[in-house]
Structures are given as C-alpha cells and as structure tokens.
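User: I'm new to this structure and would like a close look at a single part, the surroundings of the ligand. Could you walk me through that, and then through the strands as well?

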Amino acid sequence: MTIQFNDETFRNDYTFRNSDWAIKRFPFPFHEDSYMYSVNMEQHQGGPKGSIYEKRFDVDEHYLAEMKDRALVLAEDPLRCQSLPHMTLAGWDLLELIMISKSEDYPDLFKLHRNGNNWRWINKPMGIDDSFVFMDEATLPYGPMEYITRQTQGDFAVLDQRDDNLWMDAGMVTTQADWSLDFDIGMNFFEWHAPVPKAHEMGIFVRALKFLLNIQQGMPARRLNWTMTVNPLLDTSPENYHKWGIQKTTLTPENVGEKQYLRVELQTFFRLPRSNALVFPIRCYLIALQDLTTVPKWGRRLHRVIRDLPEELATYKGFIDNRPMIVDYLSKFDDGLPTSDGI
Ligand code: HEM
C-alpha cells in the first residue's frame, strides 16, 4: 500500500495521531493477563503482511514527522549521536544493511544503485538523492551511522562484541524511554542494565547475553518491551526530564484516555558483517488509551496487566503515581470476560 505520511508533532501542540490502519497494526505486547520480565526473544524473519514485523525496518505514516523530531533533538544536543573511533566500520555495515533492506522492502520509496564502491542513494519521502563512495566518510555529510539513522525511524545502539560481552560503543538515541546514551557510552551489557529491577536476580540478563552473543548474520532476532508515557512524546530522555517529567502531573480522570499513551518498543538484533558488531534498533510505537480500548480484548487485558503489575516495575517504568487513575479509566473496558482468545 502507499503510505500517507502524517504532518504531526511529538512536542508542544502534540498533533501526533494514529490512523485506523496504525491502530490495527499496533504491536500490543501482552500475550496473557499479567506481565513479568522474561527472555522474550524470537526470530525476526518477517511476519504477517501489513504487520509491523513484515519488513526488516518498518516504515509507517509517522516516518517524516519522526525524522523531523530527531533533527530537532540533535540540533539541541549533538551528544545524542556518538560513535567511538573503532566503531566507524560498524557504521558502514549498518548503512549497508539499512539501504539494502529499505530499497528491497520499499522499492517505491527508496532506491540504491551500486557500481563497485560508487553508490547512489535515493530517499524519495525525504527528498534525498546522494552519490557517495562506500567506506569513504569524506563523501557523506555525516558519519555513516549518523547519516543513515537520520533517515530511519527508531533509536539505534551499536554494540561492539569482545571479551564475551557487548559494549555500547556507538548509538543514535533520541526517542528513548528515560535512559541516556551519553551516560551509557562505553558500558557493557550488565552495566547499562544495572538500574532494571528484578531481572538480574531472575537470571534474565545472563541468558539474554548468551543468546545475543550467538546471533549470526542473516538471522536477526526481536523482542517487545513497553512502558507508559504522558503525551505522545518521543524524546523522554533524562537530559530533558525537566521538560517532560512535570507533564505526568497534568493527567486527570477527564483527560487520561487522551493523554496517557502505551509506549511499545520493537527491539531487533542484527549481526553486522565486517565489524562483527551487533546493532540494536529500538523502534517506538505510541498509542493513546482511548484508541487502544477501541479493540475490546486489548482494553480488557491492559486493565488487568496494569492493575496487577508488581510495584517495582510500575515504579521503574515511571507511572506508579498515576497508576490508580489509569486503572480506574481502564476498568470501564474490562467486562470480566476471559481473554483466552489471544491478543
Ligand atoms: C532496559 C539496552 C537487550 C531486557 C534497558 C535499558 C537500556 C537497555 C539502555 C534502560 C536501562 C536504564 O534504566 O537505564 C539494551 C541493549 C540491548 C538490550 C542495548 C541489546 C544489546 C536486552 C535483552 C533483554 C533486555 C535481550 C531481555 C531479554 C531489558 C529489560 C529492561 C531493559 C527487562 C527494563 C525495561 C522496562 O521495564 O521498561 N535495556 N538492552 N534487554 N532491558 Fe535491555
């Protein structure tokens, strides 16, 4: 289908909206009526037609608006994009992966012409037509990772693999759920996960790392993660907490359906060919509770999940104070029927 790109904002007047199509394909993340951390990894080899899993890098109606928002964040804070010197090769690997994937998966939107190392990249929605020499940084306006991730929805952590661990040595992070690339740069898998409650004791990170270290080229994997955000904000970074943290206090019983969003991250994992780095794209999907509850089984299940979520998780995810109001709102959509019909 042809994508109609929305003219919308993720700040100030918050004109972000999901079409009926976007609501229908929203990645509702709960497969049962309760939630706890787990090593919820699966292969990322496509999915049902039209679903967010169909393509390697999903492009949807929010593409242009998300890229504009990223440019605004970077203009204010260039440290949202960092690449340690040994990660440039991984940046080229990532540029190649995204250009090939997007030009194959969306031939009407993206084109890649290759003649040896002389490449031409056409990004029609963004009006970009650049010729450059693959592996020659001087021929691009930015480093390779920054160049391609300014044109691709989602955050990107690029991990170096050494000493049986992963190291956050590069990334483009402007749409994150309250963590900072500038703080985490150079950390390893256990260090950057240190603030997460419960999961360490459950052995989740030891098992997850083992899985990740063994991911092979051409065999990407994925998982979903989720949290809650007041207003359709992409940039919920610690750097800008003073701007968005206060907005949590504006929730009222009258506006909760409109202002409270479920925030779901599609996290994927790809092995990169030359550098052997692992790239971790984190794609954020937002949905207002009033839209989510148009699907009765989602409203019913979300009510039970939020109501029964362990306190440590609701605190870590930042909605403990607003939980009673959210649960009260969602309870109106829970008729007590079983949700065993799946999601
Ligand atoms: C949270 C990065 C893979 C499980 C986080 C956080 C970061 C992060 C930066 C936020 C920590 C904070 O509060 O400062 C990454 C990166 C990964 C990766 C770069 C890829 C190499 C995984 C995997 C799992 C996992 C494979 C489990 C199977 C979690 C969980 C949280 C978390 C459970 C808490 C999320 C929440 O409750 O909202 N991750 N992660 N991560 N990560 Fe990862």
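Analyst: Here's a walk through the ligand's surroundings, followed by the two sheets. Keep in mind that this is a predicted model.

Let's start with the spot itself. The space that the ligand takes up is the largest pocket. Around the ligand there are 25 residues, and the ones that come nearest are Tyr37, Trp192, His193, Tyr316 and Lys317. What kind of residues make up this shell? They split into 19 nonpolar, three polar and three charged.

Even so, some polar atoms do meet the ligand. Tyr37 has a polar side-chain atom 2.4 Å from an oxygen atom of the ligand. For Lys317, a polar side-chain atom sits 2.9 Å from a ligand oxygen. Asn225 also takes part, with a polar side-chain atom lying 3.3 Å from an oxygen atom of the ligand.

Which helices and strands does the shell draw on? At least two shell residues come from each of β6 (155–162), β7 (165–172), α6 (189–192), α7 (204–213) and β8 (221–230).

Three of those names, β6, β7 and β8, turn up again in an open sheet of seven strands. Reading across that sheet, the order is β1-β8-β9-β10-β6-β7-β2, and the pairing is antiparallel. At its edges are β1 (42–43) and β2 (81–83), each of which pairs on one side only. So what does the β2 edge look like up close? β2 pairs with β7 over three bridges, again in the antiparallel sense. If you want a place to look, find Ser83, which stands opposite Ala170 in β7. That brings us back to the ligand, since β7 is one of the elements that supply at least two residues of its shell.

Now for the other sheet. This one is open too, with three strands in the order β3-β4-β5 and antiparallel pairing. Its edge strands are β3 (110–115) and β5 (128–133), and each of them pairs on one side only. From one strand to the next, the twist averages 10°.

You can follow this sheet strand by strand. β3 and β4 are antiparallel and pair over six bridges. Within that pairing, Arg114 has Trp119 in β4 as its bridge partner. The two strands form a hairpin, with two residues between them. Gly116 sits in the turn of that hairpin and has a positive phi of about 60°. On the other side, β4 (residues 118–123) is joined to β5 by six bridges, and these strands run antiparallel as well. There, Trp121 has Asp130 in β5 as its bridge partner.

Conventions: Residues numbered from 1 in each chain as written. Predicted model: local features only at pLDDT ≥ 70, side-chain atom pairs only at ≥ 80, totals over all residues. Heavy atoms only, no water. Near = heavy atom within 4 Å. Polar contact = N/O pair within 3.5 Å; in protein donor to acceptor, adjacent residues only side chain to side chain. 1 Å grid on protein atoms, 1.4 Å probe; cavity = no way out; pocket = protein on both sides within 12 Å on 5 of 7 lines; lining within 4 Å. Sits in = over half its atoms within 2 Å of the grid points. Helix = DSSP H or I, 4+ residues; strand = E, 2+ residues; numbered from the N terminus. Nonpolar A, V, L, I, M, F, W, Y, C, P; charged D, E, K, R; others polar. Pairing = 2+ DSSP bridges. Axes fitted to C-alpha atoms, helices over the stretch in contact; angles between N-to-C directions.
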